[in-house]
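Here are my notes from going through this one. Have the structure open while you read, and follow the points in order.

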Amino acid sequence: MRFWMTLTVTDSVRLISAWLICSRMNSSAMYPPVMAPQANMFVNVPGYEGTVPGGAGFLPPPMPMEPVAPPQPSPENPEWSIPSLSEDEAREAFKKFVSSHICYSEDPVTQGVITSMEPFNTFRYRLETFTESRSTDWAHKPHEGEPADFYTQPAPRPWEVQATHPKHFSDHTEKIRVPYTSSIKECHTCHAAGTEQCKECSGSGKKACPMCNGAAKSDPACTHCNGTGKDRCTKCDGRGEKQCETCKGKCQLLTYIELKVEWKNHVEDHLVEQSCGLKSDKLRSVKGKELFKSSQNLVYPLLGFKPQAVSQASERLIKEHQTKYGKTSRILQQRQAVELIPITQVNYKWKDKSYVYYVYGNERKASADDYPETCCCVIL
């Protein structure tokens with residue numbers, strides 16, 4: 001007692017301050033945090049700062065580690081040609097075309113006379129760019145005992161997460177749980193109750209009687225509901241609540257960052273202008289004779305390729321693809337090809353009038369926009 005009386009006011013303040021500091025240190029050592037860090041703190045993790053509910057958009061890929069190989073000269077192309085179509089082959093293609101239209105008469109096919117046939121073969125250039133893009137978003141699932149690994153060690157960056165790409169030039173999507181990003185939280189739908197109100201009956205456990213439509217008639221009484229107008233809700237078995245759809249009755253959710261990896265093949269064609277009058281859209285569904293094909297990480301324009309329109313299309317599309325897709329995705333492979341599509345314009349006469357049809361593609365499809373013998377049919 002005498003000891004405390006001899007202390008000055010300053011000494012007393014110092015002793016009390018030291019005691020408070022020691023108490024705080026001891027209390028933090030004795031009482032560790034009872035909960036793992038919540039997932040909403042994940043915005044501070046390097047590489048995922050922009051991840052918000054609804055997605056963070058496509059993440060730009062890292063710069064390529066290896067330098068791009070220098071362009072190679074295009075192969076010299078000889079004079080390419082396609083065998084001419086015979087009259088019998090043209091007539092057979094025309095016959096198949098007419099038979100596929102229920103309202104077309106076969107008379108122009110059987111009675112028409114072919115007067116001339118002209119080739120209008122055209123080139124098609126095709127560029128394919130196979131890309132991989134990555135985006136992140138919040139995700140959750142019912143907690144089934146998995147440990148929360150959030151902040152146990154640094155999470156890998158989005159482009160460091162391992163993913164096995166599919167076969168080149170085929171579309172595929174894969175969703176991956178990012179390691180070291182998961183935490184456990186209370187279900188936000190049922191507030192850890194494991195059940196939620198039945199939406200079908202609004203929690204009453206009853207629904208309108210299906211026999212009397214809820215009229216509750218007493219004279220005569222509905223035999224199904226005994227005049228109450230109510231029937232047991234079959235969705236919740238009359239309990240008024242059912243298992244929570246979000247947590248599946250587990251009361252807790254495992255929340256984590258989900259990485260969405262998309263592989264996509266971007267295809268673009270260029271048809272060299274042809275003057276025969278056949279609509280270009282019809283050529284999209286057919287194949288031609290393959291003249292040239294190459295596949296590399298990054299392809300290069302077909303410089304000096306004849307006709308010049310193919311070379312120009314190659315240069316333009318390659319530049320557009322590498323500029324467009326290189327910003328938001330990683331270009332894994334490119335492929336370019338040149339086809340020579342056979343087109344034959346067939347001129348024929350029927351009933352002293354001249355008409356035209358076309359036979360095109362390796363499949364020998366036919367088209368005739370001005371077919372002379374059609375009828376208007378009504379199928380009952």
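1. Start with what packs over helix H5: the cover on its buried residues includes strand E2 (122-142), strand E9 (252-271) and strand E11 (330-341). Keep in mind that this is a predicted model.

2. The residues under that cover are Val310, Ser311, Ala313, Ser314, Leu317, Ile318, His321 and Tyr325, which are buried in H5. Looking down the axis of H5, you'd find these buried residues within an arc of 160 degrees, so they line one face of the helix.

3. Now turn to the other side of H5, where Gln308 and Lys319 are exposed. Here "exposed" stands for over 50% relative accessible area, and "buried" for under 20%.

4. As for the helix itself, H5 runs over residues 308-325, 18 residues in total. From first C-alpha to last, H5 reaches 26 Å, close to the 26 Å expected at 1.5 Å a residue.

5. Next, empty space. How many cavities of 30 Å³ or more does the count give? The count comes to 1 cavity, and the largest cavity holds about 50 Å³ of space.

6. Which residues line the largest cavity? Its lining is made up of Arg91, Phe94, Pro108, Val109, Gly112, Ile114, Tyr348 and Tyr357. Helix H3 (87-99) and helix H4 (107-111) are the elements that give two or more residues to this lining.

7. On chemistry, the lining of the largest cavity splits into 6 nonpolar residues, 1 polar and 1 charged. Arginine counts as charged and glycine as polar in that tally, and Arg91 and Gly112 are both among the lining residues.

Methods: Residues are numbered from 1 along each chain as its sequence is written. This is a predicted model: local features need pLDDT of at least 70, side-chain atom pairs count only at pLDDT 80 or more; totals for chains, interfaces and linings use all residues. Side-chain values use heavy atoms; hydrogens and water are left out. Helices (H or I, at least four residues) and strands (E, at least two) are DSSP runs, numbered from the N terminus. The expected span of a helix is 1.5 Å times one less than its number of residues. Buried means under 20% relative accessible area, exposed over 50%, partly exposed in between (1.4 Å probe, protein chains only). The arc is that of the directions from the helix axis to the C-beta atoms. Contact means heavy atoms within 4.5 Å. On a 1 Å grid over the protein atoms alone, a cavity is a set of points where a 1.4 Å probe fits but cannot get out, and a pocket is an open set with protein on both sides within 12 Å along at least five of seven lines; lining residues have an atom within 4 Å of a point. Grid points are joined across faces, edges and corners, and a volume is the space filled by probe spheres set on the points.
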